[in-house]
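Colleague: Please take a close look at one helix-helix contact in this model and at the empty spaces around it. I would like a connected account, with the criteria stated.

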Amino acid sequence: MNTTSTHFVPPRRFEVYEPLNQIGMWEESFKNNGGMYTPGSIIIPTNEKPDSLSEDTSHGTEGTPHKFDQEASTSRHPDKIQRRLAQNREAARKSRLRKKAYVQQLETSRLKLIHLEQELDHARQQGFYVGNGVDSNALCFSDNMSSGIVAFEMEYGHWVEEQNRQISELRTVLHGQVSDIELRSLVENAMKHYFQLFRMKSAAAKIDVFYVMSGMWKTSAERFFLWIGGFRPSELLKVLLPHFDPLTDQQLLDVCNLRQSCQQAEDALSQGMEKLQHTLAESVAAGKLCEGSYIPQMTCAMERLEALVSFVNQADHLRHETLQQMHRILTTRQAARGLLALGEYFQRLRALSSSWAARQREPT
Amino acid sequence: MDKVMRMSSEKGVVIFTKSSCCLCYAVQILFRDLRVQPTIHEIDNDPDCREIEKALVRLGCANAVPAVFVSGKLVGSTNDVMSLHLSGSLVPLIKP
C-alpha cells in the first residue's frame with residue numbers, strides 16, 4: 001500500500017505548538033469515526049484514503065467491532081495479521097512524514113520570529129512606538145502580566161499607530177489650505193482619541209493599578225515626566241502655549257487661569273497621594289516588624305490600596321478636563337495647531353527613548 | 001436624611017469626609033489653597049455614619065465621600081469640584 005500523498009493536520013494558526021499540542025495533533029489524525037483502535041496497532045483514518053481502505057473490512061459494513069472481536073479474529077486469520085502489519089507500516093510512514101512536515105513548519109516559524117525581531121528593532125531605532133515600552137533588544141513580556149494588561153498593551157500599540165496617523169494628517173492639512181469645517185472634524189477626532197485612551201487606562205487600572213501608576217506601557221523618556229500615571233496637565237500647557245499665538249487678551253487670561261487651576265488641582269491630588277503613601281506605609285509597618293506573620297497588616301494595606309484606583313481616575317479626569325477647556329478657549333485652528341504640537345511632543349519623547357536606548361547598547 | 005440636611009445647610013462650604021479617605025484630604029487641600037475654610041464633617045466618627053453614607057449616595061455621590069455642599073446646595077464629589085475649578089466656576093461659587 002504505497003501512497004504518495006502526505007497528509008497532516010494543518011495547524012489552525014501559524015504559531016509554535018507546545019509539545020502537548022503536538023502529540024494531540026498527531027493523535028487526532030489517528031482517531032476516526034467510532035474511535036476504534038486496538039492496543040499495539042494503529043488504524044489509518046478512513047475518511048482520508050478511500051482507495052487504500054477498500055480492502056480493510058474491519059470498518060464499513062460491520063460497523064464498529066469491539067477490540068475483543070478484532071483480537072479474536074486475527075488469531076484465526078493470518079492474512080488479517082499481514083494486513084494489519086501492512087497498515088502499521090503505512091501508518092508509521094505517514095506519521096514520520098507528518099512529523100517531518102511539522103518540524104519544517106517549526107523551522108520556518110523560528111526564522112520568521114527572528115526576522116520579526118529584527119524588524120521591530122529597526123522600527124524602534126526609527127522612533128516608532130513598538131512593543132511594551134521596554135527598550136530592549138528582544139521581545140520580552142513580563143511573566144506577571146495578566147491577560148487584561150497584555151490586551152491593554154496591544155490596544156495601546158494600535159492607539160499610538162492611529163495617533164501617528166492623525167498627527168501626520170494634521171501636519172499635512174495645516175501646511176496647506178483647509179476649511180474650518182474639515183479642521184473641526186479633525187480636532188474632534190483627536191480629542192475623542194485622547195478620551196478613548198483615558199477609558200482604556202481606567203479599565204487597566206481596575207486590573208492592575210500599579211501598572212498604570214508606573215506608566216509601564218510608556219517609553220522611558222515619557223515615564224520620566226510621569227505624574228500619577230500620565231502627563232502633568234499644567235506642564236503640558238506651558239509647553240504648548242507658544243503654539244497658540246496669536247491669542248486674544250481674553251484667551252490669554254483664560255489660558256493663564258486654566259494653568260493656575262490645573263496647578264492647584266494637581267497640588268491637591270499630589271498631597272492626597274502623599275497622604276495615601278503615608279497611611280499605606282503605616283498600615284504595612286503596623287505592629288512589630290519582626291513577627292514574620294502579617295496578615296492583618298496586609299488586609300488593612302489592601303483596603304488602603306483601593307484608593308489608588310480613584311487617584312489614577314482623578315488624574316485622568318484632570319487631563320480630560322484640561323483638554324476640554326482648551327478646546328473651549330481656543331479657535332478651531334488654534335486647537336488644531338495645539339493638538340499637532342501635543343502629538344509631536346510625545347512622538348519626540350518616544351524617539352528620545354529609542355535613541356537613548358540605542359546609545360546605551362553601543363559598546364564603549 | 002434630616003441630619004445631612006441640617007449639616008449641609010450650614011453657611012459656606014461644607015464637606016463630608018472620612019478620616020481614612022485620601023481623596024477627601026485632597027479636596028480639603030484644594031479649598032485651603034483657594035483660601036476658603038470649609039466645615040468638615042468626618043462621618044466615620046459619627047454614630048450615624050451608615051445612614052449619612054446612604055443619604056449621600058442617594059443624593060448622587062457614588063462613593064458618599066467626599067461630598068461638597070456650598071450654601072446648602074450639593075456641588076458633588078471630587079470629579080465635580082475639579083471640573084468646576086478648571087472651568088473657572090468654583091471660585092465665584094465659593095466667594096460670591
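Modeller: In this predicted model, helix α5 (residues 180-207) of chain A packs against helix α10 (residues 295-329) of chain A at an angle of about 175°, and their axes are 10 Å apart. Helices are DSSP runs of H or I with at least four residues, strands runs of E with at least two, numbered from the N terminus. Axes are lines fitted to C-alpha atoms, for helices over the stretch in contact, and angles run from 0 to 180 degrees between N-to-C directions. The angle therefore makes α5(A) roughly antiparallel to α10(A), a term for angles over 145 degrees (under 35 is roughly parallel, 65 to 115 roughly perpendicular, the rest oblique).

On the α5(A) side, the contact (heavy atoms within 4.5 Å) involves A:Val187, A:Glu188, A:Met191, A:Tyr194, A:Phe195, A:Phe198, A:Lys201, A:Ser202 and A:Ala205. Their counterparts in α10(A) are A:Val309, A:Val312, A:Asn313, A:Asp316, A:Arg319, A:His320, A:Leu323, A:Gln324 and A:His327. By class, this contact between α5(A) and α10(A) comprises 9 nonpolar, 5 polar and 4 charged residues. Nonpolar here means Ala, Val, Leu, Ile, Met, Phe, Trp, Tyr, Cys and Pro; charged means Asp, Glu, Lys and Arg; the others, Gly among them, count as polar.

Both helices also border empty space within the structure, which holds 7 cavities of 30 Å³ or more. The largest cavity encloses about 180 Å³. It is lined by 17 residues, and A:Leu240, A:Leu323, A:Met326, A:Leu339 and A:Leu342 are the closest to its centre. A:Leu323 thus appears in two settings: in the contact with α5(A) and beside the centre of the largest cavity. Two or more lining residues come from each of α5, α8 (233-240), α10 and α11 (332-361) of chain A. This lining has 14 nonpolar and 3 polar residues, with no charged residue.

The second largest cavity has a volume of about 130 Å³. Of its 13 lining residues, A:Trp159, A:Leu197, A:Lys218, A:Phe231 and A:Phe346 lie nearest the centre. The elements supplying two or more of them are α4 (147-175), α5 and α11 of chain A, and α5(A) has the largest share, 4 residues. In contrast to the largest cavity, whose lining has no charged residues, the second largest has 4 charged beside 7 nonpolar and 2 polar.

For α10(A), the account continues at the largest pocket, with about 750 Å³ of space. Its lining counts 26 residues, with A:Ser310, B:Cys21, B:Leu23, B:Asn63 and B:Val65 the closest to the centre. The greatest contribution, 9 residues, is made by α10(A). At least two residues each come from α10 of chain A and from α2 (22-33) and α4 (78-86) of chain B. The pocket lining divides into 10 nonpolar, 10 polar and 6 charged residues.

On a 1 Å grid over the protein atoms alone, a cavity is a set of points where a 1.4 Å probe fits but cannot get out; a pocket is an open set with protein on both sides within 12 Å along at least five of seven lines; lining residues have an atom within 4 Å of a point. Points join across faces, edges and corners, and volume is the space filled by probe spheres set on them.

Residues are numbered from 1 along each chain as written, chains are lettered from A and ligands numbered from 1 in written order. Local features need pLDDT of at least 70 and side-chain atom pairs 80 or more, while totals for chains, interfaces and linings use all residues, and side-chain values use heavy atoms, without hydrogens and water.
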